[in-house]
Amino acid sequence: MDDDAEQQHLTAAPGYALGQLAKAFTTARTHEDADTRRRAEGRAQRWRTVLTGMAGGWLAVGSRTPVAGFPAWVTPEVVRGGFATGAAGAGGPLQPYESALAERFGVPADRRALFAHCLTDSGLTWLWGRLNSGRYEVTVPEEGALLTMAWLVRHGETAAALDLVAELEPFAGQLRFLPRPSTGRPASDDTDALHRRTVDDTVNRLVRRRPNDAVETQREALAVWQPFGDELLAHWLETAGGADGQVLELAPDEAWLARGGELLSRYRLLAEEHTRCGKHRSPKENLGILRSALEKTVAGRELDARRLGLLRHAVASMVRRRGLPGSAAHTELRSAQRVQAAQPSHHALAQVVLGRLAVLPQESGIADLTPVLAPVSGPEEQETGVPAGARLPPVISRVVEGALSAPVGVLVERGVVPSAEVLAELVPQLVAVTSARAYDDDALRALMAVNYRAFRNRRSLLLLNLERQVRIEELPWVRAVAAQRGDGSAEAALVLRQLGELAVRGFPGTILPNPLVRELGVLVRQSELGAPLVEELAADIFMNTFGPKFLVAARIAGELLGGSLYERYYGIDYEAIRRLAVAEASEAAGRSVKPRTSPGFARLCAERARAASSAPAGTKSGGSHGSWVAENGKVIEQAQILTTHNLATLVHRVGIAPEPGWAELARSCFVAVCRLTGRVRGNPRPYATIKDAAYAWRQLVFHLSLCPPAEQRRVLAGLDAETGRHPFHVAARLAPALAGLRLVVDGGGFGPDGTADRGRARRLLGWTTDGHWLASDPTDRTP
């Protein structure tokens, strides 16, 4: 879990691990896919190791040092739920690159021998060569340790290098401390361009795309079988005669029979080559009827009355539907179908793109998409057969755009980053660059950037007793070069502000996800702004305690929002919160040990949760959500309300001012509220959606609170028009919430239960234990 994440119990129980083991075992025994079974067997083995370690006492799940004998800085192997398995991420069998290096260095193939060799002149020379070229990879932070040692030796920091070696040496036989040699792009920190996927990732996605069977079947029907059917039809029409034009009124002559034999020979060749479409083989389809009748006739057998009737019906229906072959209508139709059939398939166009990607560096993004997304060229037509000028369809273009390398703001604007969660995946790349720029030396800067990215791949542990995750500054090799860091506070503050604005502007109806909060928190520490950022706590492992920074964040919110619409809407006394913060700070100042919780803040949140009500008596709730998890959720939601879940801190301390302005952000939040509310109808489990809608509503209230009163009323006046763009029930469901917001804007307020005007106006909250009024269908007239 993330910093300050609270747990339900003081010690981790094995029940969750047992449940995960059972699921993995069942999948490994019953799944039809062999690869899935194999992966499940691996998961089952890891969960067995977890349970064995917990039972044996050598695995302390819930501690930041869960594996006996390993210090906190060792990267643990972590499975779902934050459970450490007891293995080290940099441990396990010797990697192929380690075996190759042992052979190259002429030392035994074990890690201690490799470690010792790197302390020799020859080993240091090899490490310096890696630093100079930048051609190395660090997949877990430990793989950068000896490179850091080598840098220290080269720059005369011998004492620091010896201290680092002494701290690493006890684990030299277990962990890999050598970098992975690389022949690809050199490690570098000199860019703000980010990419969501590499060229290699994009190639793999395109390779996995298979031809669409339905589309290719239709293409075959248009290009092969319909033209052949026209020939069969024209051939049978040659036998028509008499007043009614019925086929076989004239006896076929030898020439007709000979041409029919040629048609049947060509049919057999076509059927052998083109196997997707099967209608021509069906005795009930027109083409099948014409073909089988021709086979009998050419063979000299007379058609019985039933088969002759089927033949005449087939010919008549084909002429009626499309006209006579060669007529204007028939010719126009077939011409259009030929054009359609000649269009290149998505699969064929993907092969063209794969050729373009093959010449690009595979381990980076694409800086310029224009040549990759261009129409097919003449040389490409000669090479692939795809017609020149053919354009890539959106489904392929979107795959390629995922590899765009550009500033993160451009990626958000172009939709390459579609959510705050995806933004959180990319931000570590940018934070790594920002953090590393505080080092003056180019080689060290590149090494620290690579090390940071590897550190961010470290999975969070399940922690108890408000322990915090290991920070990058705790890694021995990072501590060893801490004195080399310059003052990067100004740049960190700038990037923090830019990212904060981007997240709020790009995804105004979404709370900041924990991984993004964690990255912004790194920039907060580097910028020294004193801007505490708080995580979203998990309701199922909440212990009714909060870290002190929650109260600090609430006090900052009060500095910004005291007397505002936000304070009035949620019934907050920010002056009382200020006094509570001052009192707890004074009490903490007299202690020798820094407090790890804020009992006053936890008490305030619990009191507010008890007072809040989501379903007054007599409301048709549409279901029940009562449980201890929901009780915890109500308390956590109150903490989010009091702190604004980082929005106030970003505005008041970091200084974000998103370009669209607060009024436009409020409108965007309401669009998200309407979209989420529209998903409630017919949803058997609506409460997660309602929770998200309430969070978006809270952000709406926050943004609106930063607008002048006149602007607030203008925004409110336009919200009804937005509900009209959504299903009819959305406006009815949101009517109480809109009435409540208007009431507060006009100077009114809610009663103790969160309602006003006999319940017609309501405060919108997310968590409930007794059924939510937003889940009920106001258009349902059933008594």
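Here are some short exercises, with worked solutions, on the predicted model shown above.

**Exercise 1. Work out how spread out the protein chain is.**

Let's start with the building blocks: the protein chain has 33 helices and six strands. Next, look at the radius of gyration, which is 35 Å. The globule rule gives 28 Å for 783 residues, and 35 Å is well over that, so the chain is more spread out than a compact globule. You can get a feel for the dimensions from the C-alpha trace, which spans about 115 × 85 × 50 Å along its principal axes. What share of the residues count as buried? Of the 783 residues, 50% do.

**Exercise 2. Find the salt bridge of Glu143 and say which parts of the chain it ties together.**

Here's the general idea first: side chains of opposite charge can pair when their charged atoms come close. The cut-off to use is 4 Å, from a side-chain nitrogen of Lys or Arg to a carboxyl oxygen of Asp or Glu. By this rule, the count comes to 28 salt bridges. Now pick out the partner of Glu143: it is Arg180, and the closest N and O atoms are 3.2 Å apart. Glu143 sits in the loop between strand E3 (136-137) and helix H6 (145-154), while Arg180 belongs to strand E4 (residues 180-181), so the pair ties together parts that are 37 residues apart in sequence. Are the two residues buried or exposed? Both Glu143 and Arg180 are buried.

**Exercise 3. Describe the salt bridge between Arg578 and Glu575.**

Step one is the distance: the two side chains meet at 2.7 Å, N to O. Step two is the location. Both residues are in helix H26 (residues 574-589), and because they are three residues apart there, about one helical turn separates them. Step three is accessibility, where partly exposed runs between the 20% and 50% cut-offs. Arg578 has 35% relative accessibility, so it counts as partly exposed. Glu575 comes out at 36%, so it is partly exposed too.

**Exercise 4. Trace the network that includes Arg667 and Glu664.**

Begin with the pair itself: Arg667 forms a salt bridge with Glu664, and the closest N and O atoms are 3.3 Å apart. Helix H30 (residues 662-678) holds both of them, three residues apart, or about one turn of the helix. Arg667 has a relative accessible area of 31%, so it's partly exposed. Glu664, at 37%, counts as partly exposed as well. Now follow the shared partners: salt bridges join Glu664, Arg667, Glu711 and Arg714 into one network.

**Exercise 5. Locate the positive surface patch and check whether Arg43 is accessible enough to belong to it.**

Mark the members in your viewer: Lys23, Arg39, Arg43, Arg46 and Arg80. Which helix gives the most to the patch? That's helix H2 (residues 34-56), with three residues. Arg43 has its place in helix H2. A patch residue needs over 30% relative accessible area and no salt bridge. Arg43 has 34% and is partly exposed, so it passes the area test.

**Exercise 6. Place His346 and see how far it is from Asn212.**

First, find helix H14 (residues 346-358), where His346 has its place. Its relative accessibility is 40%, so His346 counts as partly exposed. Then compare sequence with space: His346 and Asn212 are 134 residues apart along the chain, and their C-alpha atoms are separated by 8.2 Å.

Notes: Residues numbered from 1 in each chain as written. Predicted model: local features only at pLDDT ≥ 70, side-chain atom pairs only at ≥ 80, totals over all residues. Heavy atoms only, no water. Patch = residues over 30% accessible without salt bridge, like charges linked within 9 Å, V, L, I, M, F, W, Y side chains within 5 Å. Areas by Shrake-Rupley, 256 points an atom, 1.4 Å probe, with all protein chains shown as cover. Lys, Arg positive; Asp, Glu negative; His and termini not counted. Charge placed at Lys NZ, Arg CZ, Asp CG, Glu CD. Helix = DSSP H or I, 4+ residues; strand = E, 2+ residues; numbered from the N terminus. Buried < 20%, exposed > 50% of the residue type's maximum accessible area, 1.4 Å probe, protein only. Rg over C-alpha atoms; globule rule 2.2 N^0.38 Å.
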